[in-house]
Amino acid sequence: MNSIIISGNIVRDNDVKDTATTKVLKNTLAVKREFKKDETDFVNYTAFGKTAELLEKYTQKGSKLLIQGRLQIGSYEKDGIKRSTADVIVEN
């Protein structure tokens with residue numbers, strides 16, 4: 001099972017793109033660590049379709065947001081260096 005629920009504040013203005021078939025929204029949440037209040041994790045998330053439209057309409061930089069989705073691990077190569085990514089694909 002791949003399910004994640006995460007809550008934090010939106011870091012920047014929403015990045016929204018209209019593709020040929022759907023709308024795609026990407027952004028990042030700043031999530032404070034429970035036991036180390038002075039540490040923050042930055043979690044990228046992506047929403048599609050109706051969910052992307054709702055987030056675009058009702059959220060902005062600084063908004064508190066709770067999302068539920070699935071974790072997606074990826075990788076890419078830049079300047080000969082292989083890098084890993086972790087994104088939450090928003091479902092609710």
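## Salt bridges in a predicted model

The side chains of Arg33 and Asp41 are joined by a salt bridge, with N and O 2.8 Å apart. Both partners can be described by their accessibility: Arg33 is partly exposed at 36% relative accessibility, and Asp41 is partly exposed at 29%. The model in which this pair is found is a predicted one.

The pair of Arg33 and Asp41 belongs to a wider set, for the structure holds seven salt bridges. Another of them links Arg70 with Glu91, whose closest N and O atoms lie 3.9 Å apart. Arg70 lies in strand β5, which covers residues 64-78, whereas Glu91 belongs to the segment after β6 (81-90). The two residues are 21 residues apart in sequence, so their salt bridge ties together separate parts of the chain. Arg70 has a relative accessible area of 32% and is partly exposed; Glu91 is also partly exposed, at 39%.

Some residues take part in a shared arrangement: Asp18, Lys23 and Glu56 are joined into one network by salt bridges that have partners in common.

A further salt bridge is formed by Lys17 and Asp15, with 3.5 Å between the closest N and O atoms. Here Asp15 has a relative accessibility of 32%. This value lies between the limits of 20% and 50%, so Asp15 counts as partly exposed.

The table lists the N to O distances of the pairs described above.

| Salt bridge | N to O distance |
|---|---|
| Arg33 and Asp41 | 2.8 Å |
| Lys17 and Asp15 | 3.5 Å |
| Arg70 and Glu91 | 3.9 Å |

Notes: Residues are numbered from 1 along each chain as its sequence is written. This is a predicted model: local features need pLDDT of at least 70, side-chain atom pairs count only at pLDDT 80 or more; totals for chains, interfaces and linings use all residues. Side-chain values use heavy atoms; hydrogens and water are left out. A salt bridge is a side-chain nitrogen of Lys or Arg within 4 Å of a carboxyl oxygen of Asp or Glu. Buried means under 20% relative accessible area, exposed over 50%, partly exposed in between (1.4 Å probe, protein chains only). Helices (H or I, at least four residues) and strands (E, at least two) are DSSP runs, numbered from the N terminus.
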